[in-house]
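Thanks for asking me to look this one over. My comments are below as numbered points, to be read with the structure open beside them.

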Amino acid sequence: MFCNEQNMNSPFDARNFLLDGLEKIELLNLQKIKSVSIKTRGNQRVKIQAPTLERLFCCGALEESPMLDVVEYQNLKSLELSGMNISDGFLQHLFSRSQSLESLILDNVCKGLERFKICGSQSLRILQIKDREDKVGEIDASNLVSLEYMGDQIPKLKIAKESSQLKRSHIRLDFWSGNNLNASWFRKLRIFLLSSISWSQVSLYFHKCNEINMKDLRLHHRVATPQVNVLNVYIKSRKGLPTFVDALLWSCHPRKLMLTSTVEMVTCFTDRLMYMKNSKPLYSQLKDVKAYKFDCKYEPLTERKKVYFLLDW
């Protein structure tokens with residue numbers, strides 16, 4: 001499919017076009033268009049040339065990952081890619097050419113790309129990354145206001161310098177397989193939280209929990225502690241394990257803990273926090289605990305509970 005300025009009006013939306021079977025989608029010589037939205041249905045190559053473009057949304061099927069090529073984008077302010085395939089140097093080229101990009105959303109892009117780099121941007125304020133693969137990333141954006149990462153593995157994410165304007169930093173990990181949930185996993189989580197920024201929110205989703213070897217964790221104890229403001233924990237398991245609670249708190253060290261889980265798990269957390277406060281084990285510096293209970297609107301009260309803990313370390 002080929003489109004130019006003569007046969008289309010701004011903004012252009014290709015989501016309603018029949019794109020099946022096309023090998024290439026080209027939007028060329030667009031001098032006035034400001035917004036483009038494309039949803040592909042096959043393994044096409046998408047090429048866009050629009051120097052006045054400000055907003056671009058491209059969505060493809062993840063298993064097919066269409067290839068995106070944007071020729072001119074010096075005025076681009078918002079870019080959202082979902083299920084697309086981009087080249088190794090796409091992001092570096094993007095930030096070297098565009099001085100106005102404010103919002104970047106990457107949802108399962110760069111299939112097969114092991115490393116991504118987002119550096120040198122003075123304009124970027126909103127960054128959201130969602131990925132199912134284990135990739136190495138580097139971020140250097142001095143005026144970032146909001147940073148979100150969502151995935152099912154602890155990322156190898158290096159943040160060069162925390163922006164003084166950063167108000168929201170949120171990492172969400174969906175850990176539904178409990179086979180590798182051990183001391184090594186929690187140690188890796190702690191190291192990641194220590195080596196990055198001060199996360200305002202960390203959300204962890206567990207299908208089940210395991211016994212954790214706390215002796216192994218204490219061998220790698222550091223003087224520094226992670227700085228997590230709010231820790232959201234969602235657990236389906238009915239089996240409460242004290243060492244799991246210990247490992248979770250040791251890894252994240254949150255000021256606020258929001259727990260959504262079964263009655264058995266909530267009881268386990270409450271008992272363990274009181275033990276840590278009163279007994280003062282070596283790996284705990286917990287001074288005080290306050291607990292608040294909420295009713296889950298869409299869950300039977302006998303099945304799931306929501307409790308909010310304020311922790312004073």
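1. A good place to begin is the end of helix α4: the residue that follows this helix is His-253, and its phi is positive, near 50°. Please keep in mind throughout that this is a predicted model. Most residues other than glycine have a negative phi, and His-253 is a residue other than glycine with a positive value. His-253 sits in the loop that links α4 to β18, the strand of residues 254-261. With a relative accessible area of 14%, His-253 is buried, because the cut-off for that class is under 20%.

2. Now for the chain as a whole. The protein chain has five helices and 20 strands. Of its 313 residues, 49% are buried. If you take the contacts with a separation of 6 or more, 50% of them join residues 24 or more positions apart.

3. Back to α4, which spans residues 242-252. How many of the residues of α4 are buried? Nine of its 11 are, so the helix is mostly covered. The buried set consists of Phe-244, Val-245, Asp-246, Ala-247, Leu-248, Leu-249, Trp-250, Ser-251 and Cys-252. The next two points look at two helices that α4 meets.

4. The first neighbour to look at is helix α2, residues 183-195. Two packed helices are described by the angle between their axes and the distance between the axes. For α2 and α4 the angle is about 20° and the axes are 8 Å apart, which means that α2 runs roughly parallel to α4. Their crossing is right-handed. On the α2 side the contact uses Phe-186, Arg-187, Leu-189, Arg-190 and Leu-193, and on the α4 side Phe-244, Ala-247, Leu-248, Trp-250, Ser-251 and Cys-252. Sorted by class, these residues are eight nonpolar, one polar and two charged.

5. The other neighbour is helix α5, residues 263-279. Its axis and that of α4 come within 9 Å and cross at roughly 65°, so the two helices are roughly perpendicular to each other. This crossing, too, is right-handed. Pro-242, Val-245, Asp-246, Leu-248 and Leu-249 of α4 meet Cys-268, Phe-269, Arg-272, Leu-273 and Met-276 of α5. The contact counts eight nonpolar residues, two charged ones and no polar ones. Leu-248 is worth selecting in your viewer, as it appears in the contact with α5 and also in the contact with α2.

6. Two residues of α5 deserve a separate look. Glu-264 belongs to this helix and is partly exposed, at 37% relative accessibility. The C-alpha atoms of Glu-264 and Gly-240 are 6.1 Å apart, although 24 residues separate the pair in sequence. Thr-270 is in α5 as well and is partly exposed, with a relative accessible area of 28%. From Thr-270 to Phe-309 the C-alpha distance is 8.9 Å, across 39 residues of chain.

7. On cysteines: why is there no disulfide between Cys-209 and Cys-268? The sulfur of Cys-209 has that of Cys-268 as its closest cysteine sulfur, and at 7.4 Å the gap is too far for a bond. A disulfide needs the two sulfur atoms within 2.5 Å. Looking from the other side, the closest cysteine sulfur to Cys-268 is that of Cys-209. Both residues are buried, Cys-209 at 8% relative accessibility and Cys-268 at 12%. A search of the whole structure turns up zero disulfides. You will recall Cys-268 from the list of α5 residues that meet α4.

8. My last point moves to strand β15, residues 168-175, where Ser-169 lies. Is Ser-169 buried or exposed? Its relative accessible area is 2%, so Ser-169 is buried. Leaving aside residues up to four places away in sequence, Ser-169 touches Leu-147, Ile-197, Ser-198, Trp-199, Ser-200 and Gln-201.

Terms used. Residues are numbered from 1 along each chain as its sequence is written. This is a predicted model: local features need pLDDT of at least 70, side-chain atom pairs count only at pLDDT 80 or more; totals for chains, interfaces and linings use all residues. Side-chain values use heavy atoms; hydrogens and water are left out. Buried means under 20% relative accessible area, exposed over 50%, partly exposed in between (1.4 Å probe, protein chains only). Axes are lines fitted to C-alpha atoms, for helices over the stretch in contact, and angles run from 0 to 180 degrees between N-to-C directions. Helices (H or I, at least four residues) and strands (E, at least two) are DSSP runs, numbered from the N terminus. Angles under 35 degrees count as roughly parallel, over 145 as roughly antiparallel, 65 to 115 as roughly perpendicular and the rest as oblique. A crossing is left-handed if the near helix is turned anticlockwise from the far one by less than a right angle, and right-handed if clockwise. Contact means heavy atoms within 4.5 Å. Ala, Val, Leu, Ile, Met, Phe, Trp, Tyr, Cys and Pro count as nonpolar, Asp, Glu, Lys and Arg as charged, and the others, Gly among them, as polar.
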